[in-house]
Amino acid sequence: MKSDFYVQLKSNGKSQILRTVLGCPAEENPPNHHYLRSYINHSDVRTSKQVVFREKKLNEMFWKPHTVKCWLKHGRQQRRQLVTTWTPLATAFNSPPFKRLNLTRNEVFEYLLISSRESFPYTMQQGLFGMSELRSHEGFYLIRENASDFTETLIKEATSPERKRNIVQIFDELSDTLCKVADLSEFIRIAHPNPKYMQAAEDACINISSTVEHLNTHKELYSALSRVVQAGDVVPTTEIDHHVAKLFLFDFEQSGIHLKEEERQKVVRLNDYILQLGQKFMHGASQPTAFPRGKVPESIRNYFPSEGDTILVSGLYTSSTNPQAREAAYRVFLYPSAKQEELLSDMIKCRHALARTCGFETYAHRALKASTVEKPEMVEDFIDVLTRELKPRADKDFRTMENMKRRECGNSDVSVAVWDTPYFTSLMKRNALNASADEFLPYFSLGGCMEGLNNLLRSLYGISLQNTLMEPGEAWHSDIYKLSVVHEKEGLLGYIYCDFFERENKPNQDCHFTIRGGKLMPDGSYQLPIVVVMLNLSQPRWTGPTLLTPSRVDNLFHEMGHAMHSMLARTEYQHVTGTRCSTDFAEVPSVLMEYFASDPRVVRTFARHFQTHKPMSENMLQRLCNSKNLFSASETQLQVFYSALDQAYHGDPKNQGSNTTETLRKVQEKHYSLPYVEETAWQLRFSHLVGYGAKYYSYLISKSIASQIWQTYFEKNPFNREAGEKYRREVLAHGGGVPSRNLVANFLNCELTAESLAKSLIHEIDVNDKKIEELIKV
């Protein structure tokens with residue numbers, strides 16, 4: 001028996017429910033706001049009643065396939081249809097909230113239950129990410145307890161003299177058990193809008209951290225693993241087993257379990273103190289600087305907010321057209337802070353003490369173990385080669401900026417300074433584009449960009465991104481998309497949840513989260529990976545889809561590069577799946593995707609006006625892609641300077657100055673063309689020193705490797721299926737299961753040296769400079 005239910009929504013409290021479900025702003029009326037026809041297929045099969053939305057009927061009512069609707073207000077709301085050839089994927093991502101009813105929201109079911117006065121079971125209700133335990137926040141307590149109980153079982157198996165399994169398999173199952181709870185909880189802790197879920201997830205994080213701390217001090221467990229690494233296992237093992245076993249052992253030894261008890265306790269104290277110092281330093285690095293208002297020239301006082309007799313400077317004002325304001329902001333914001341200096345100095349000293357206690361020459365040696373470069377000496381050589389090669393190229397950039405400044409100021413005697421470079425880089429890009437950034441927006445609708453990604457991935461790997469309907473309760477917010485990653489022959493590879501839109505209390509960052517890592521299961525099946533890609537885009541409105549700036553397009557491709565690393569990895573162990581590899585290799589797949597996003601041949605496939613569907617003109621396309629490489633020599637030199645400073649702080653203390661500013665002065669003189677500005681302390685605002693201690697070079701190394709891969713395999717043809725399959729098979733598939741140095745050397749068929757890594761970046765800069773010269777002439 002089938003029946004259609006007609007739900008009458010009048011202008012009362014229920015209309016607010018409709019607004020919530022549809023994602024309609026409170027000040028706007030939802031479409032057909034006096035009523036909403038909701039068709040429900042209510043089937044009585046005697047054993048149970050099922051509620052199934054007839055999506056086809058809803059589609060017919062609210063939108064048609066391959067159609068974009070625009071809502072315009074001319075005294076009253078009117079609808080206009082523009083027929084396009086957008087794919088279903090693009091249409092889904094381009095649809096305003098009311099066009100893609102989020103059928104996962106519990107409010108829909110609750111409303112229907114109330115309106116129909118029928119009793120429908122909640123059998124369709126799922127938990128977060130499809131986990132039945134997480135139908136409510138209380139489920140976090142269950143999954144963490146289950147994980148803790150199973151951990152004890154695995155510890156007994158690993159330490160048993162009658163062990164039958166490979167010890168790496170046991171350790172990886174142990175890691176998988178804890179990571180499934182820790183990674184999920186860490187994401188929900190910062191992303192879920194419901195405080196109850198946030199608190200339950202945070203409690204789960206704390207609980208799992210306690211379990212990990214227990215494992216880090218479990219000497220019997222450590223001894224069992226150490227014996228296997230040194231003497232071999234009781235069962236046959238592979239080279240990958242040995243590599244992963246050494247990674248587990250190094251993780252163990254990070255907490256000093258291999259040391260005498262007195263030294264181990266020292267390691268624990270140092271780790272705890274370093275954590276506290278880092279948190280305080282990061283907090284201080286983001287605080288505004290208060291400065292006496294009377295000491296600021298009257299002509300620029302109004303550029304800064306004030307409190308009484310002081311002005312507050314909270315940034316560098318790099319976009320200001322006033323050179324005095326830029327200089328004042330730089331000098332005030334970066335004025336030395338005694339408290340920040342103390343925190344940074346103590347953190348550096350404690351890190352060195354930690355490394356020495358654990359048997360390393362410096363903290364950099366400890367941080368770079370198992371990395372692509374392996375030792376800080378290679379980083380130093382890499383930086384020195386780049387410094388030498390970049391100097392004349394960066395000086396040329398700075399001369400151009402200086403001429404721009406002189407023309408703008410009408411003064412032939414002024415010089416370019418460190419506070420000028422971001423401003424003139426941005427100005428040059430705007431001039432090269434010959435258009436404002438807003439003029440490019442209509443060509444980069446979110447749906448169009450997703451379609452471009454889909455076409456690229458299909459060309460390279462034979463995979464497609466399929467927008468997938470979620471079950472009730474599966475998502476943490478109403479505007480989440482779920483993508484199934486499907487291979488044309490292999491089938492489903494994994495899931496990507498897209499949390500793309502800004503909302504209150506959501507972290508303002510673009511990033512990739514692993515929720516569940518892939519791994520080979522005992523029965524031969526594969527545990528499919530689940531990841532989240534988080535962006536902070538504006539919500540689509542009734543007047544049209546979300547539009548991306550060119551830099552946002554780059555960010556989207558970058559984060560999807562991380563996601564595809566997770567999706568395409570097919571490792572035996574989840575401990576080394578996807579992005580779980582060395583820091584200086586983890587960024588390679590994501591940076592490589594930026595090369596695709598900057599290639600006119602790729603961008604041409606999806607840069608279309610969201611209303612007229614006309615492609616971006618060839619002139620605009622070329623200018624856009626080439627403008628991304630303006631002043632690349634000076635920008636790369638700045639990254640070299642940052643990397644060199646990070647290495648200096650975490651290297652031999654004998655080579656450091658009396659304080660962190662003296663060290664900065666010495667490094668800047670050697671590695672950067674523009675001089676140090678007296679009475680400033682830029683490093684005290686450099687929060688990356690906390691999270692990337694001794695590893696800031698990773699971006700340059702990753703970019704260098706990505707550049708070599710691009711030049712070798714994709715520069716001639718960015719849609720080369722043979723190259724894509726080779727890259728997937730020989731690089732992405734391995735995650736961190738093979739030492740990244742070997743992985744890259746084998747794929748590029750060359751030895752990785754400081755010279756070869758630097759050469760690829762210099763070659764790229766020279767090629768791009770020639771293109772830019774032609775662009776400027778035109």
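1. Which residues point one way from β14, and which the other way? In this predicted model, Ile530, Val532, Met534 and Asn536 point one way from the strand, while Val531, Val533, Leu535 and Leu537 point the other way, and all of them are buried. This fits the description of β14, residues 530-537, as mostly covered, with eight of its eight residues buried.

2. The pairing of β14 involves two strands that run in opposite senses relative to it. With β10, which spans residues 491-501, β14 pairs in the parallel sense over six bridges, whereas β11, residues 511-516, runs antiparallel to β14 and is joined to it by five bridges. Ile530 is a useful place to inspect both pairings, since Tyr495 stands opposite Ile530, and Arg516 likewise stands opposite Ile530.

3. A separate point concerns the open sheet of three strands, which has the order β5-β7-β6 and antiparallel pairing. The strands β5 (289-292) and β6 (306-307) stand at the edges, each with a single partner strand, so one side of each is left without a neighbour in the sheet. Between β6 and β7, the latter covering residues 310-313, there are two bridges, and the two strands run antiparallel; Thr310 in β7 is the bridge partner of Glu307.

4. Turning to the helices, α6 (residues 167-191) and α7 (residues 195-216) pack at an angle of about 145 degrees, their axes lying 8 Å apart, and the crossing of α6 and α7 is left-handed. On the α6 side the contact is made by Leu174, Leu178, Val181, Ala182, Ser185, Glu186, Ile188 and Arg189, and these meet Tyr197, Met198, Ala201, Glu202, Ala204, Cys205, Ile208, Thr211, Val212 and Leu215 in α7. Sorted by class, the contact of α6 with α7 comprises 13 nonpolar, two polar and three charged residues.

5. The last point is a single side chain: is Gln708 buried or exposed? Gln708 lies in helix α25, which spans residues 698-714, and has a relative accessible area of 11%, so Gln708 counts as buried, the cut-off being under 20%. If its neighbours within four places in sequence are left aside, Gln708 is in contact with Leu748, Cys750, Leu752, Ser756, Leu757 and Ser760.

Notes
Residues numbered from 1 in each chain as written. Predicted model: local features only at pLDDT ≥ 70, side-chain atom pairs only at ≥ 80, totals over all residues. Heavy atoms only, no water. Axes fitted to C-alpha atoms, helices over the stretch in contact; angles between N-to-C directions. Helix = DSSP H or I, 4+ residues; strand = E, 2+ residues; numbered from the N terminus. Left-handed = near helix turned anticlockwise from the far one by under 90°. Contact = heavy atoms within 4.5 Å. Nonpolar A, V, L, I, M, F, W, Y, C, P; charged D, E, K, R; others polar. Buried < 20%, exposed > 50% of the residue type's maximum accessible area, 1.4 Å probe, protein only. Pairing = 2+ DSSP bridges.
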